[in-house]
Amino acid sequence: MNLKICHMYPDVLNLYGDRGNILCLRRRLEWRGIDVTVESAGIGARPHLAECDLVFIGGGQDFEQEVLLEDLHSGKDEEVKASIADGVTFLAICGGYQMLGTYYETFDGHRCDFIGALDLYTVGSKQRMIGNYMFTCTPESGGSTVVGFENHSGRTHLGPGVKPLGTVTSGFGNNGEDKTEGARYKNVFATYSHGPLLPKNPELCDFILKTALERKYGAVSLEPLNDEAERAAHGEMARRLGG
Amino acid sequence: MNIRAFLGIVTVHVLHFGIRLVHRGGTAFPGRIALKICPNLLGVLSRGVRTVAITGTNGKTTSARMIEQAFSDSGMDCVANRSGANLLSGITTEFAMRCTLSGKCKSKWAVIECDEAAARRVFPQLRPEIVVVTNLFRDQLDRYGEVTHTLENIREGLKSVPEALLCLNADCSLCSSLAEDLPNKALFFGVEKSAAHETQPPEISDATHCIRCRTHYDYDYVTYGHLGGFRCPKCGYSRHAADVAVTAIDSTDSAGSRVRIRIGKTEQPVRVNLPAMYNIYNAAGAIAAATAMGLPAGSAINAVGSFHCGFGRMEQFDIGEKGAKMMLVKNPAGCDQVLEFLSDMDGEFDLVMCLNDNGADGTDVSWIWDACFEKLSILGDRLHTVTVSGIRAADLWVRLKYAGVAPEKISLERDYELLTQKISQMDKPVYIVPTYTAMLDFRAHLIKKCGGSDFWEG
């Protein structure tokens, strides 16, 4: 078996250790003897998303957003939409998550059109939602408990076309109001969770890998790994957050 | 002097005395209370004192110690915040402790490091004659936000002191942009192409796009991180020529580096008393600031070759068979420099890393995934063992595992007493790499075991 991963915008969306997710996906495949290739597709690159099995988009700074949107609206947005519709697995974090939605409206009412692949939108707020947090994935996303670090001022609201990734048990989540966290649509997993997300949450990592592998190979069972370190880091934070 | 200032000074002296009595370190607390009584107390106390202020992400403390050494070698006694209390409150305490009760400062000079976010509150009162900006890297994003916000904080602070001379890192496109739109005079320090080894910035760089027009930078060379000979192909914003320029690195080892530095038109050999590239930058910045203050170049050069920083900066502890060195890390750029330094070591060593997530460390520890721990995985037998500790020890354990460090080399020890015992039994050189509050905690244990000076004694 082999899996082809595309890392979108590693040159500008690379804050908060999000690249740790790529490393985690790669290692957990390699440790099971599954081949993996990772393609980096920065500004100006033209990746063939339809040929990828898993696409990763991380969070970034506001500073480069203009450059990024220009690049995105040069046709990459349509390609992202098409491959999502086609069932390619996506993992999008924070800024990458917001970008998959329809738009972002800043606190002072300036509206920025995003990709529009997912039925959700984000509104900027004055209060930054920041800190360690925890949520429980819905059964259709594996049902595991996730610990992470959120750091966003945008409040994301989900439309009827998407489901939340999970329910917040400690912290803010999508908007600090409705207890939802992240979004699920087809094979898209989107969340605010940095940390990075996957290394401390190996169950979710394996669920995402399984999703991508099964689209390609049919039913797959992943060999269990020794997750002693991962469980220690996860358990420590879960206990701190009262889980 | 008004009555409020008098009461402020008395408050600092009384509280400081009380704190020493109970053997606690806190230098910020007395100043914080005194500022409530007299909000412009620092302005009153620092009036007439000729001050060099140092800000920027990494190297503030080391640069300040180098500059202070140059002053004291020339017989010039300075006010200095050696303990690293670098917010308005801590700096106010330092000045109050060096003032008479009538508010007259006993020193004519001061060397003050200032937190980047505090610059806008500190500079208007401190009115520094020279401001050194060492560099800007992503750091404690939960507290400072993105790196351009930090730059804006410093810019805001500098707007209140248009007469101050800026001493900027020429190789940092973020820092050097301060000279573009502020009226201040500026001079630059940096490393020339002849002393650089890289041609491209690493995958994660904190300044990929032009600060003026957001076009992707081209580079003639890179020293580390985003530092180097940058050039915007569209608007022409590019590296300023350096007034104090490192032209060659002749040798470097665990004790320091021998380099050549051009000051004005003269190139001179310089010994830097701490290893690694980031300290070569600190030395260049310190020489630039000290000479701008009117000290002879020779004094500044002697100072960077003889100063001792201590306090977690390559601080030596007499423990275990071969001794231990402590290297504080705060962010990916600093951590990468430490990892680079370890990669260059000859022979086997033991590594101890302590990660905390208190306010002063940054509550978000995800930055460890932006640092290149993969460098440790290719050391083979040279990396003998790694012990992880601190509040977030398990996060480090996971990071090292995914970096490819052999699992059997990694162990976890949370108890600092047991960790100290463990280190005392090690028979190889030990490197201890803590974050800020872990350094404060663990250093206290090491000092109890092997002696040394507590930080409030300077």
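In this predicted model, the contact between the two chains draws on 36 residues from chain B and 40 residues from chain A. About 3300 Å² of area is buried between chain B and chain A, and carbon and sulfur atoms supply 53% of that area. On the side of chain B, the residues that lose the most area to chain A are B:Arg214, B:Trp369 and B:Tyr402, which together account for 23% of what that side buries.

Charged side chains also take part in this contact. Side chains of opposite charge can pair when their charged atoms come close. Five salt bridges are found across the interface of chain B and chain A. One example joins the side chains of B:Asp395 and A:Lys200, with a distance of 2.7 Å from N to O. In addition, 15 residue pairs are in polar contact across the interface of chain B and chain A, with both residues at pLDDT 80 or more. Three elements of chain B each give two or more residues to the side that touches chain A: α7 (141–144), α8 (147–159) and α14 (393–403). Of these, α14(B) gives the most, with eight residues. By residue type, the side of chain B that touches chain A comprises 14 nonpolar, seven polar and 15 charged residues.

One of the elements just named, α8(B), may now be followed into chain B. Helix α8(B) has 13 residues and reaches 19 Å from its first C-alpha to its last, close to the 18 Å expected at 1.5 Å a residue. Which residues in α8(B) are buried? They are B:Val147, B:Thr148, B:Thr150, B:Leu151, B:Asn153, B:Ile154, B:Arg155, B:Gly157 and B:Leu158. An α-helix has 3.6 residues a turn, so residues three or four places apart point the same way. The cover over the buried residues of α8(B) includes the strands β1 (50–55), β4 (130–133) and β5 (165–169) of chain B, together with the helices α6 (119–126), α7 and α9 (178–181) of chain B.

A second helix of chain B, α10 (residues 277–292), has 16 residues and spans 23 Å from its first C-alpha to its last, close to the 22 Å expected at 1.5 Å a residue. Helix α10(B) is mostly covered, as 14 of its 16 residues are buried. After α10(B) comes B:Gly294, whose phi is positive, near 105°.

Helix α1 (residues 3–21) of chain B contains B:Thr11. Is B:Thr11 buried or exposed? Its relative accessibility is 17%, and B:Thr11 therefore counts as buried, the limit being under 20%. Apart from its neighbours within four places in sequence, B:Thr11 is in contact with B:Ile33, B:Ala34 and B:Ile37.

The salt bridges extend beyond the interface: over all chains the count comes to 43. Within chain A, the side chains of A:Lys216 and A:Asp53 meet in a salt bridge at 2.9 Å, N to O. This pair links distant parts of the chain, 163 residues apart, with A:Lys216 in helix α4 (residues 202–217) of chain A and A:Asp53 in the loop between β2 (35–41) and β3 (54–57) of chain A. A:Lys216 is partly exposed, with a relative accessible area of 37%, whereas A:Asp53 is buried, at 7%.

A:Lys76 forms a salt bridge with A:Asp71, in which the closest N and O atoms are 2.7 Å apart. Both A:Lys76 and A:Asp71 are buried. Helix α4 of chain A appears again in the next pair. A:Arg215 forms a salt bridge with A:Asp86, the closest N and O atoms being 3.4 Å apart. Here too distant parts of the chain are linked: A:Arg215 lies in helix α4 of chain A, and A:Asp86 lies 129 residues away in the loop between α2 (65–85) and β4 (89–93) of chain A. A:Arg215 is partly exposed, with a relative accessible area of 35%. Salt bridges that share partners also join A:Arg28, A:Arg32, A:Asp206, A:Asp227, A:Glu230 and B:Lys401 into one network.

Finally, strand β2 of chain A holds A:Glu39. A:Glu39 counts as partly exposed, with 27% relative accessibility. Not counting residues up to four places away in sequence, A:Glu39 touches A:Lys4, A:Ile5, A:Cys6, A:His7, A:Pro47 and A:Cys52. A:Glu39 and A:Arg19 are 20 residues apart in sequence, and their C-alpha atoms are 13 Å apart in space.

Conventions: Residues are numbered from 1 along each chain as its sequence is written. Chains are lettered from A and ligands numbered from 1 in the order in which they are written. This is a predicted model: local features need pLDDT of at least 70, side-chain atom pairs count only at pLDDT 80 or more; totals for chains, interfaces and linings use all residues. Side-chain values use heavy atoms; hydrogens and water are left out. Contact means heavy atoms within 4.5 Å. Buried area is the accessible area (1.4 Å probe) that two parts lose on being put together, summed over both. A salt bridge is a side-chain nitrogen of Lys or Arg within 4 Å of a carboxyl oxygen of Asp or Glu. A polar contact is a pair of N or O atoms within 3.5 Å; within protein, one must be able to donate a hydrogen and the other to accept it, and residues adjacent in sequence count only if both atoms are side-chain atoms. Helices (H or I, at least four residues) and strands (E, at least two) are DSSP runs, numbered from the N terminus. Ala, Val, Leu, Ile, Met, Phe, Trp, Tyr, Cys and Pro count as nonpolar, Asp, Glu, Lys and Arg as charged, and the others, Gly among them, as polar. The expected span of a helix is 1.5 Å times one less than its number of residues. Buried means under 20% relative accessible area, exposed over 50%, partly exposed in between (1.4 Å probe, protein chains only).
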